[in-house]
Structure formats: C-alpha cells, structure tokens
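This report walks through one protein model for a reader who has not met it before. It begins with a single loop residue and then turns to a helix, the aromatic rings and the nonpolar cores.

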Amino acid sequence: MSKPRAVREVVLLGSTGSIGTQAIDVVQRNPDKFRVVGLLGGGSRVDLLAQQALDLGVEVVGVAAASAAQDLQLAFYAEAAQRGYRKGEFAVPKILAGPEAAIEIAAWQSDVVLNGITGSVGLAPTLSALAAGRTVALANKESLVAGGPLVLDALGGDPDRLIPVDSEHSALAQCLRGGRRDEVRKLVLTASGGPFRGRTRAELTEVTREQALAHPTWDMGPFVTINSATLMNKGLELIEAHLFFGVPYDDIAVVVHPQSLVHSMVEFHDGSTIAQVSPPDMRLPIALALGWPDRVPEAQAPMDWTRAQNLTFEPLDTTAFPSVALARESGKRGGTAPAVFNAANEEVVGAFLAGKLPFVRIVDIVAEVLAAHEVIAKPTLDEVFATEVEARAAATRLIEGVVVSR
C-alpha cells in the first residue's frame, strides 16, 4: 500500500496579483494537498493581502514597499476585528516590509515557492528560494530572461527544482513526457496573436492604450497584456523555453493560434507532434506546478468535445511583430543581452501605458537599446542589475525624444 503524500507547504510571491489569487483558489479547493505558509503582496493592495493572510493562516506576510508595513499591520487587525475575532482567536503572522522582504519570504521553510512577481525584481527572490533548497514554481519569466545563467547555476544540477507556470512552458513540460529528450526535433510555442492579429505595421500606428489592453482570450494585468499585444511576451517565452528545456534557439518555433486552446507542442524526430490542449485557464498550469510531477484532479474544467469547434494555426507576421525575432537575437547573443531586452521593454511598456509613447515604438526602442549594448558574457548578479539600470536609462532617453500626437 502506497504512503499518502504529505500536504505541501507553499509560499506565494505576488499573492495579490492574477497568478497569486488563482493559486490561492487552487490551494483552497485542495486543502488535502497544499497549505500556504507565506505571502508577499503588492503595497497598493494591503487590504486584500490582509484578507488572504487571515483566510490562509500564514506564518509570514510581507510587502515590498517599506512604507506599507504599518498599513499592512493595521489592515490585518482591522480585518480580524471585522470578522469578529478576539485576541488569541487568530494567528498573528510575522510581518515583513521593504526590498528584502521578498528575499526572506522566498527562503522561508516550505516545499515550493510560487514566484508570481511581475518584472525583473523577481530574480533575487528566485535565487534566494533556490539557494535555500526550495522548489520554485516560476511564473516570473523575467527571472530566467534576465538571470538565466545565474538561475541555472543555482539549481545545482537539479532541473526538477524549477517548474514552469506559464501555460506555454507547462504545456511543453507535459508534452515532453511523451518521448526522450534526444527524440525532440522542435518546440512549438503557440501565440494567440493578441488583439491586433492580422494588422499590418502601418495599421498599428494609431493603436490606443484601451485597444491594446483588450486581449481576446486571457485576463491578465496591464503589463503582461501589453506584452501580449506586441508579442513581446512570446519573445520572452522563447528565451525561457531555451533555458527551461535546453533546446537550441533555432529549434524553437512560434505559431499563431487564435483560439488559445493548444498551449504549445513538441515535434519529435519521427514526425509526430504532441500538443497539450485545454481551455484558457491558468489554474491548470498553476496546480500542476504546485503538485509536480503529480496532477491535481479537477484543477479546471476540461474541453467540451461534444461541441463543434475549430483549431486554426497561422504563421507569425514578423514584419508587423518583430519582437520574437529580436528576442531570438538577444538570446543567441547571450550574457547580459536578454537582461537588456527585458529591462528596456519594461521601461517602454510603462511609457506606453502612461501615454508617452506610440505603440509601434515599443519594440523599436528595445531594438535600439539592445543594438547599442556591449554584452557581458558571464555576468554576476550585480552586473545584471547594473546592466538593467543602464538599459532603462538608455530607453528613457529615447522615450524623451519621442513626440506623441494627442
């Protein structure tokens, strides 16, 4: 008789964001499998963070902004009072705040750390978790893009401690179970095409913020949604796929699949292609990452095969959307080039959302910053951070020279 698996203790970084809230849903529906022991949330959503901390009975809770510490503490006790709790009727977690909070919580005693932080600020917590011997469920793609060699080194030769959460990489991990690695010919990343699929570059010149935020299939935060509109997210995912699975860049393809039902595919040497198919719902890859290598029953509703539906695939328009080719170039250059690619993109997306930059200039400026960068082949963590600062400054100078028509 097999011994039942113990409940896995989980730390959630970015608990108040889209990935974090869906992860909490997965945990709460599976209390026999998972227990959250630590949370890190955004400083602007301390009320929600306090609610999560009480709901889950965590040991530690934190915010990245030092100024939000008192607000979080007040929100926690206010929430407890609103629920009618008396002193001694609820566990008071350790409260951390400031830039080091994420690093300390990432290393907290647990079985798995889900990193759902947005942006390259997620790199240091990823390294902290790996250094502490934790398994990392990685939704923070920038950790690999900006600090790929550092993350791989931190794994200490144990790739099973880094589990993908992005639906595309989760799909690839599942498909790769269908054959040996030496049988793989190609990885195929699918892209929805975003809200502007089929438009020419000329037709993208007048794109508004509201149009770019209207994604046809996925409900994501504004930064990720803009990355989807430019297909920059697919470029970042291409770099991730190379680092996750060790497949050469030339053997990773991108195809447009508007229905977002086939999340990615693996092509094998014998001509067979295995695809992972499911409705667009992040709870499935989140649940799989938390429970890896085991599946979590009823993680999401399956496909309804009794209903007629079409699955279509289109080639990527690299003229209108040059971001994937640019990502492939930066990945091949290696070293600090992907960190520059990512940091410059974060800066220009912020500028576009603030109305300071036309949509078509997002990728153009990233390309200009990347072209001017002198790559450091084997950077330290400090050199990665310094490179990002330089890339952001270079992007800002280019943004300031752009005139936006109103």
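Gly42 is found in the loop between β2 (34-41) and α2 (46-56), where helices (H or I, at least four residues) and strands (E, at least two) are DSSP runs numbered from the N terminus. This is a predicted model, in which local features need pLDDT of at least 70 and side-chain atom pairs count only at pLDDT 80 or more, while totals for chains, interfaces and linings use all residues. Residues are numbered from 1 along each chain as its sequence is written, and side-chain values use heavy atoms, with hydrogens and water left out.

With a relative accessible area of 25%, Gly42 is partly exposed; buried means under 20% relative accessible area, exposed over 50%, and partly exposed in between (1.4 Å probe, protein chains only). Leaving aside neighbours within four places in sequence, Gly42 is in contact with Thr16 and Val63, contact being heavy atoms within 4.5 Å. Both Gly42 and Thr16 appear in the unreviewed UniProt entry under "binding site", a list that also includes Asn140, Glu142 and Gly221; UniProt positions are given in the numbering used here, feature names are shortened, and annotations may be inferred rather than shown by experiment.

Glu142, another of the residues in that record, has its place in helix α6 (residues 141-154) and is buried, with a relative accessible area of 5%. Not counting residues up to four places away in sequence, Glu142 touches Thr118, Gly119, Ser120, Gly147, Phe223, Asn342 and Glu346. A polar atom of the side chain of Glu142 lies 3.4 Å from the backbone nitrogen of Gly119.

The aromatic rings come next. Rings of Phe, Tyr and Trp (its six-membered ring) pair if their centres lie within 6.5 Å, with planes under 30 degrees apart counted as stacked, over 60 as edge-to-face and the rest as tilted. By this rule the count comes to 7 aromatic pairs, and two of them are set out below.

| Pair | Centre to centre | Angle between planes | Class |
|---|---|---|---|
| Tyr77 and Phe90 | 6.3 Å | 70 degrees | edge-to-face |
| Phe196 and Phe359 | 5.2 Å | 75 degrees | edge-to-face |

Tyr77 lies in helix α3 (residues 69-82) and Phe90 in the loop between α3 and β4 (94-97), so this pair ties together parts that are 13 residues apart in sequence. Tyr77 counts as partly exposed at 38% relative accessibility, whereas Phe90 counts as buried at 17%. Together with Phe76 and Tyr85, these two residues form one aromatic cluster.

Phe196 lies in the loop between β8 (184-191) and α8 (209-212) and Phe359 in the loop between α13 (337-353) and α14 (361-371), so their pair ties together parts that are 163 residues apart in sequence. Phe196 counts as buried at 1% relative accessibility, and Phe359 counts as buried at 4%.

Phe359 also belongs to the largest nonpolar core, which has 89 residues and in which Leu187, Phe245 and Phe359 have the most contacts; such a core is a set of buried Ala, Val, Leu, Ile, Met, Phe, Trp, Tyr and Cys residues joined through side-chain atoms within 4.5 Å. Helix α13 gives the most to this core, with 11 residues. Apart from this core lies another, of 38 residues, among them Phe34, Val46, Leu49 and Ala53.

How values were computed: A polar contact is a pair of N or O atoms within 3.5 Å; within protein, one must be able to donate a hydrogen and the other to accept it, and residues adjacent in sequence count only if both atoms are side-chain atoms.
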